[in-house]
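Please examine the structure shown below together with its sequence. The explanation that follows leads from the surface to the interior.

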Amino acid sequence: MEDSNNCLESVGDIDDEQDIARSAYADMLHDIERNEKYEKAIAKVISQMKNKGISVNVLDIGTGTGLLSMMAAKHGADSIVACEAFTPVAECAVKVIEDNGYSASIKVIPKRSTDLIVGNDLPKKANLVVAELYDTELIGEGAILSYNHARKELLEEDFLSVPSRARIYAQLVECPLARSWNRPFSIEVTKNDSIMPQPEAEICSGAPAVHDIQMSQLLSESFTAITDPAEVFLF
C-alpha cells in the first residue's frame, strides 16, 4: 500500500497511527495464502453467477483497506458497497481503491454494517457478501451478529457468501507456562526484601481467563497435546 502514512492522523488523545500499527491489518495483507484463497473463491462465485445471467451486487462487511472489494471489482462484480467502521481505515481504503483504479466500481461507507440502510447506503439488497470478520477464535469479533443482521436487512433471500462456511476445532493441551499466567509470584523489591504471596494464593489457579494466543506462537516444548484436534462447531 503506497503512501500509507497519508491515510493516518491523530485526533485529540487518540493516536490512530498507533491503533493501526497494533492491529492485524498488515498481517492479513501479507498473508499470501489467505488472500489467494479469497480471490479464488470470489472469482469462482462471480463467474458462476454471471454464467447464470445474474447481476452481481456485492456487500463487503469490514472492508479494511478494500482488498476483498477490489478482488470483486477485478473479477467483474456489477456493484460493490464496502463498509468500514474505523474511520481512518475507511479513509485509507478510499485512497487505496482510487490508486488501484477501482473508485468507479466501489462505494466505501464509513459505518458498521448494522447501521447500513437499503435505499440510502445501498441502492438495493446485495446478493453476494464478502467479509473477513474472523479472529483466532473464529466468531470472537461479532461475526454472528453481523451476518444475522445482514441476512435479515441487507441481503437477498438467496444470497451467496465468501466464505460460505467455517469450522471450529478444539484440542486439549497441557501448558505449565499458560497456567502460570493465572498465578501470583513473589516480587523482589531489593536483594533482602521481597513481597511474598500468601500460601493460599500460590495454590489458587485464579479465575478462568481466555488468553488470545495461538499455540504456534509458543515453543513446541512448552506444551503437550493431550488430545487430537476435534471439530466442535460448523457454521
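**From a surface patch to an enclosed strand**

Ile144 has a relative accessibility of 39%, so it counts as partly exposed. The model in which this value was computed is a predicted one. Ile144 belongs to helix H6, which covers residues 143-153. Together with Ile139, Val232, Phe233 and Phe235, Ile144 makes a nonpolar surface patch of about 430 Å².

Strand S3, residues 57-61, presents another situation. Of its 5 residues, 5 are buried, so the strand is largely enclosed by the rest of the structure. In a regular strand, side chains alternate between the two faces of the sheet. For S3, both faces are covered: Asn57, Leu59 and Ile61 are buried on one side, and Val58 and Asp60 are buried on the other. The cut-off behind this description is a relative accessible area under 20%, which is what buried means here.

The strand pairings of S3 come next. S3 pairs with strand S4, residues 79-83, in the parallel sense, and 5 bridges join the two. Within this pairing, Leu59 has Val81 of S4 as its bridge partner. The chain passes from S3 to S4 by way of helix H4, residues 67-74, and this β-α-β crossover is right-handed. S3 also pairs with strand S6, residues 126-131, again in the parallel sense, over 4 bridges. In that pairing, Val58 is the residue of S3 that stands opposite Leu128 in S6.

Two helices remain to be considered. Helix H3, residues 32-51, contains 20 residues, and the distance from its first C-alpha to its last is 28 Å, close to the 28 Å expected at 1.5 Å a residue. Its buried residues are Arg34, Asn35, Tyr38, Ile42, Ala43, Val45, Ile46 and Met49. After H3 comes Gly53, with a positive phi near 75°.

Helix H5, residues 87-99, can be examined in the same manner. Its 13 residues should span 18 Å at 1.5 Å a residue, and the end C-alpha atoms are 18 Å apart, which agrees with that expectation. Pro88, Val89, Ala90, Cys92, Ala93, Val96 and Ile97 are buried in H5. Just after this helix, Gly101 adopts a positive phi of about 80°.

Terms used: Residues numbered from 1 in each chain as written. Predicted model: local features only at pLDDT ≥ 70, side-chain atom pairs only at ≥ 80, totals over all residues. Heavy atoms only, no water. Buried < 20%, exposed > 50% of the residue type's maximum accessible area, 1.4 Å probe, protein only. Pairing = 2+ DSSP bridges. Right-handed = clockwise from strand over helix to strand, strands pointing away. Patch = residues over 30% accessible without salt bridge, like charges linked within 9 Å, V, L, I, M, F, W, Y side chains within 5 Å. Areas by Shrake-Rupley, 256 points an atom, 1.4 Å probe, with all protein chains shown as cover. Salt bridge = Lys/Arg side-chain N within 4 Å of Asp/Glu carboxyl O. Expected span 1.5 Å × (residues − 1).
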